[in-house]
Amino acid sequence: MSGFPHPVNFYRWLVVMRILNRLVSRNRKSNPGRRSRRRGTTIILAVVALFIVGVFSAELVRTIARCSDAESERFLRQQAAWLAEAGGHLAASRLQGKDAYPGEVWEIPASELGGNAGRVEIRVAFDPAVPGNRQVTVTADFPRDLPHRNRVVKTLSISVAEQTP
């Protein structure tokens with residue numbers, strides 16, 4: 001019996017080996033039930049992460065679209081203001097040539113304004129505050145054909161030199 005260990009020592013050795021085997025096998029490969037729970041948790045975390053990224057991406061796209069819309073609106077307002085300014089200069093030059101200038105409607109085609117047509121209406125009346133001056137009201141609409149167009153109204157008092165016949 002010298003080659004065989006004592007039965008109590010053998011039992012202890014067997015218990016220690018089983019414990020070590022469980023520790024080693026737990027690190028190498030997990031329990032199949034535990035593995036599926038880990039996979040399920042990983043999938044849930046991946047879906048939540050994708051959802052969060054999707055929400056942030058959608059908000060970023062909305063913010064960029066709002067900024068783009070605001071920039072376009074600012075451009076259209078500025079273009080309408082420039083058209084009103086040009087209408088005022090046109091009225092001033094026409095009033096220098098003839099005293100009886102009643103005003104006009106100036107239609108600007110889209111080809112001249114980069115894709116959108118414009119409309120400038122010029123009305124001339126006697127200025128009640130200053131005799132000899134004309135009150136010019138310029139109304140500029142840009143773009144002319146859209147339902148949400150920008151309108152700028154500008155009122156000027158222009159001195160007209162009296163012409164002797």
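Which residues form a nonpolar patch on the surface? Keep that in mind while you get your bearings; the tour comes back to it at the last stop. One thing to know before clicking: this is a predicted model.

**Stop 1: the whole chain**

Start in cartoon view, coloured by secondary structure. You should find two helices and four strands, and if you walk along the sequence they come in the order α-α-β-β-β-β. The chain has 165 residues, and 21% of them count as buried. Switch on a surface and you are looking at about 12,600 Å² of accessible area, 61% of it belonging to carbon and sulfur atoms. As for contacts between residues at least 6 apart in sequence, 44% of them join residues at least 24 apart.

**Stop 2: the core**

Now select Leu 83, Leu 95, Val 120, Ile 122 and Val 136 and show them as spheres. The largest nonpolar core has 19 residues, and these five touch the most other members. Colour helix H2 (32–97), strand S2 (118–126) and strand S3 (133–142), since each of them supplies at least two residues of this core. H2 gives the largest share, with seven residues.

Next, centre on Val 120. What does it touch, once residues up to four places away in sequence are set aside? Val 120 has Leu 83 and Gly 87 on its list, then Glu 104, Val 105, Trp 106 and Ile 108, and finally Val 138, Thr 139 and Ala 140.

**Stop 3: a salt bridge from strand to helix**

Hide the spheres and bring up the charged side chains. The whole structure holds eight salt bridges. Go to Lys 154 and Glu 85 for one of them: their closest N and O atoms are 2.1 Å apart. Lys 154 sits in strand S4 (residues 150–159) and Glu 85 in helix H2, so this pair ties together parts that are 69 residues apart in sequence. Is Lys 154 buried, partly exposed or exposed? Lys 154 is partly exposed, at 27% relative accessibility. Glu 85 is partly exposed too, with a relative accessible area of 29%.

**Stop 4: Asp 141 and Arg 151**

Select Asp 141, which lies in strand S3. Its side chain makes a polar contact with the side chain of Arg 151, at 2.7 Å, and the two residues form a salt bridge. The pair links distant parts of the chain, with Arg 151 in strand S4, Asp 141 in strand S3, and their positions ten residues apart in sequence.

Turn on the surface again and look at the two ends of this bridge. Asp 141 has a relative accessible area of 4%, under the 20% cut-off, so it counts as buried. Arg 151 has 55%, over the 50% cut-off, so it counts as exposed.

Leave Asp 141 selected and show what surrounds it. Apart from residues up to four places away in sequence, Asp 141 touches Leu 83, Gly 118, Arg 119, Arg 149, Asn 150 and Arg 151. Leu 83 should look familiar from the core stop, as one of the five residues there that touch the most other members.

**Stop 5: a charged network**

Select Glu 107, Arg 119, Glu 121 and Arg 123 as sticks. Salt bridges that share partners join these four into one network.

Begin at Glu 107, in strand S1 (residues 103–108). Glu 107 is partly exposed, at 39% relative accessibility, and its side chain makes a polar contact with the side chain of Arg 119 at 3.2 Å. Setting aside neighbours within four places in sequence, Glu 107 is in contact with Gly 118, Arg 119 and Arg 144. Draw a C-alpha distance from Glu 107 to Arg 144: these residues are 37 apart along the chain, and the distance is 8.9 Å.

Then move to Arg 123 and Glu 121. They form a salt bridge with closest N and O atoms 3.5 Å apart. Arg 123 is partly exposed at 44% relative accessibility, and Glu 121 is partly exposed at 22%.

**Stop 6: back to the patch**

Time to settle the opening question. Select Ile 44, Val 48, Phe 51, Ile 52, Val 55 and Phe 56: they form the nonpolar patch on the surface, with about 620 Å² of accessible area together. Finish on Ile 52, which is placed in helix H2. Ile 52 is partly exposed, with a relative accessible area of 42%.

Notes. Residues numbered from 1 in each chain as written. Predicted model: local features only at pLDDT ≥ 70, side-chain atom pairs only at ≥ 80, totals over all residues. Heavy atoms only, no water. Core = buried A, V, L, I, M, F, W, Y, C linked by side-chain atoms within 4.5 Å. Buried < 20%, exposed > 50% of the residue type's maximum accessible area, 1.4 Å probe, protein only. Contact = heavy atoms within 4.5 Å. Polar contact = N/O pair within 3.5 Å; in protein donor to acceptor, adjacent residues only side chain to side chain. Areas by Shrake-Rupley, 256 points an atom, 1.4 Å probe, with all protein chains shown as cover. Patch = residues over 30% accessible without salt bridge, like charges linked within 9 Å, V, L, I, M, F, W, Y side chains within 5 Å.
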